[in-house]
Amino acid sequence: MSDSKINVTIWNEFIHEKEEASVKELYPKGIHGYLAEALASPDLDIRTATLDEPEHGLTQEVLDNTDVLLWWGHAAHDKVDDAIVRRVQQRVWDGMGLLVMHSAHMSKIFCALNGTSGKLHWREVGERERLWTVDPAHPIAAGVPEHFELPYEEMYGEPFMIAGDARLIFISWFEGGEVFRSGFTLQRGFGRIFYFRPGHEAFPTYYNENVQKVLANAVRWLKPVVDIPYPKTHMPESLEIISEKSFSFSKVGIIKPE
Ligand code: ZN
């Protein structure tokens, strides 16, 4: 964990941008490359990693030097190695922040940490989305208006299978009538997690200034509060003298004498 700058790793499966011309046009350097430039700031040290790199670019060394990991995935959740998922999960338990973006609601790492299926309804016709800031006091909502609109987005609808301890910051309304819990936080182990819904690859969502503000705020909020091995278990010496107990399970009838 850096004392000065926040070490950020932006992970992207990087498939749609290579396979679909319209997505490549929007994000010629990939979503990870675009976000690395959009979020660039003197207080951040940003690197990127993609699925095709050895160990998906998430070696132990990279993760040990990552304070906040952003995750974008959609078409290749099942191609992510389970050993890497466990490695990321351990780092979150140890304190690393995780920003889960859009379709990564079905990523192995989010499902593992969220603890439920992460399923939802969806429709891809490029409809209008209105996001409402329902917790304006949260640092992730700083400077974000009470509501803002994205003219074209994929619809995600409720019920969204997320953990009961999710703390809501944003909800969305869609042109077709659905609503969705679009931005919420979780804590797993010592690590903070933020899920943010907007970000379908076929629309210029990440160019939106409010979306960028939310992501920028989230990166700062997700910075580890502590960064220590977790769970750190041991068998401690008792602090007090524990008195001798004379009971016998056979005497109280739990175990019947032979
Ligand atoms: Zn999508």
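Two strands count as paired if DSSP finds at least two bridges between them. The exercises below apply to a predicted model.

**Exercise 1.** Determine how strands β5 and β7 run relative to each other, and decide whether they pair.

*Solution.* Strand β5 covers residues 121-133 and strand β7 covers residues 167-174, and five bridges join these two antiparallel strands. Because a pair needs at least two bridges, the five found here qualify β5 and β7 as paired. Within this pairing, Leu-131 stands opposite Ser-172 of β7.

**Exercise 2.** Place these strands in their sheet, and state which helices pack on the sheet.

*Solution.* The sheet is open, its pairing is mixed, and its nine strands follow the order β2-β1-β3-β4-β9-β8-β7-β5-β6. Its edges are β2 (44-50) and β6 (147-157), each of which pairs on one side only. Neighbouring strands are turned against each other by 25° on average, direction ignored. Helix α3 (residues 30-38) packs on this sheet by touching β1, β2 and β3, and its direction makes about 155° with that of β1. Helix α5 (residues 82-94) also packs on the sheet, touching β3, β4, β8 and β9, and its direction makes about 115° with that of β9.

**Exercise 3.** Classify Glu-55 and His-102 as buried, partly exposed or exposed, and describe the backbone of each.

*Solution.* Glu-55, in the loop between β2 and α4, has a positive phi near 55°; it counts as partly exposed because 15 C-beta neighbours lie inside 10 Å. His-102, in the loop between β4 and α6, has a positive phi near 45°, and His-102 is buried because 23 other C-beta atoms lie within 10 Å.

Technical notes: Residues numbered from 1 in each chain as written. Predicted model: local features only at pLDDT ≥ 70, side-chain atom pairs only at ≥ 80, totals over all residues. Helix = DSSP H or I, 4+ residues; strand = E, 2+ residues; numbered from the N terminus. Axes fitted to C-alpha atoms, helices over the stretch in contact; angles between N-to-C directions. Contact = placed C-beta atoms within 7 Å. Buried ≥ 20, exposed ≤ 12 C-beta atoms within 10 Å, placed from the backbone.
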